[in-house]
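Q: I am new to this structure and would like a close look at one part of it, namely the charged side chains that pair with one another. Please take me through that part slowly, and then show me what surrounds it.

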Amino acid sequence: MSITRYETGVRMSRAVIHHDTIYFCGQVAENRHEDISEQTRTMLAKVDALLERVGSDREHLLSATIYLRDMSLFEEMNQAWDAWVPEGHAPARACVEARMASPELLIEISVVAALS
């Protein structure tokens, strides 16, 4: 059984590959002081960079769990999400309201993808 870990620290790895499945740790916005649209956009850009680094892309997303600080942000977040997900390749997705690790954070995402 082969397991490959990326950027492993004491607490977690940024990505773990087992067989042909990639598991990512939670990704947050580049700038925590932006609005939900910008936080979503930069968070998804970080997902893109990780996908590329481990040999995958958006078309190979399997699932996404999105954590929002407040569900009143749901529609605005979805506008950025819908523009990012390739047509016909939407992953299984859950979106829940959650208390965030930092009060400035509005959104966090954890994704699972297949190697391409």
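A: Arg14 has a relative accessible area of 24%, and because the partly exposed class runs from 20% to 50%, Arg14 falls within it. This value, like every other one here, is computed from a predicted model. The partner of Arg14 is Glu7, and the two form a salt bridge in which the closest N and O atoms are 3.4 Å apart. Glu7 is itself partly exposed, with a relative accessible area of 42%.

Glu7 also takes part in a salt bridge with Arg53, where the side chains meet at 2.6 Å, N to O. Since Glu7 lies in the loop between β1 (3-6) and β2 while Arg53 lies in helix α1, this pair ties together parts that are 46 residues apart in sequence. Arg53 is partly exposed as well, its relative accessible area being 47%. Taken together, Glu7, Arg14 and Arg53 are linked in a network of salt bridges.

A search of the whole structure finds four salt bridges, and one of them joins the side chains of Arg41 and Glu38, which meet at 2.5 Å, N to O. Arg41 and Glu38 are three residues apart in helix α1, and so they are separated by about one helical turn. Both ends of this pair are partly exposed, with a relative accessible area of 47% for Arg41 and of 24% for Glu38.

Helix α1 also holds Thr42, which at 13% relative accessibility counts as buried, because the limit for that class is under 20%. The side chain of Thr42 reaches the backbone oxygen of Gln39 at 3.4 Å. If neighbours within four places in sequence are left aside, Thr42 is in contact with Ala29, Glu30 and Asn31.

From the charged pairs we can turn to the nonpolar side chains. In soluble globular proteins, nonpolar side chains tend to be buried together. Here the largest nonpolar core has 25 residues, and among its members Phe24, Trp81 and Ile109 touch the most others. The elements that give two or more residues to this core are the strands β2 (15-18), β3 (21-24), β5 (61-68) and β7 (107-114), together with the helices α1 (36-54) and α2 (74-84). Of these, α1 gives the most, with seven residues, so the helix that carries Arg53 and the pair of Arg41 and Glu38 also contributes to the nonpolar core.

Trp81 deserves a separate look within this core. Not counting residues up to four places away in sequence, Trp81 touches Thr40, Leu44, Ala64, Ile66, Pro91, Arg93 and Ile109. The structure holds one aromatic pair, and this pair is formed by Trp81 and Trp84, which are tilted, with 5.5 Å centre to centre and 45° between the planes. Both residues lie in helix α2, three residues apart, which is about one turn of the helix, and both Trp81 and Trp84 are buried.

To return to the part you asked about, Glu7 is the residue that forms a salt bridge with Arg14 and another with Arg53, and the latter pair ties the loop between β1 and β2 to helix α1.

Conventions
Residues numbered from 1 in each chain as written. Predicted model: local features only at pLDDT ≥ 70, side-chain atom pairs only at ≥ 80, totals over all residues. Heavy atoms only, no water. Core = buried A, V, L, I, M, F, W, Y, C linked by side-chain atoms within 4.5 Å. Buried < 20%, exposed > 50% of the residue type's maximum accessible area, 1.4 Å probe, protein only. Helix = DSSP H or I, 4+ residues; strand = E, 2+ residues; numbered from the N terminus. Contact = heavy atoms within 4.5 Å. Polar contact = N/O pair within 3.5 Å; in protein donor to acceptor, adjacent residues only side chain to side chain. Phe/Tyr/Trp six-rings, centres within 6.5 Å; stacked < 30°, edge-to-face > 60°.
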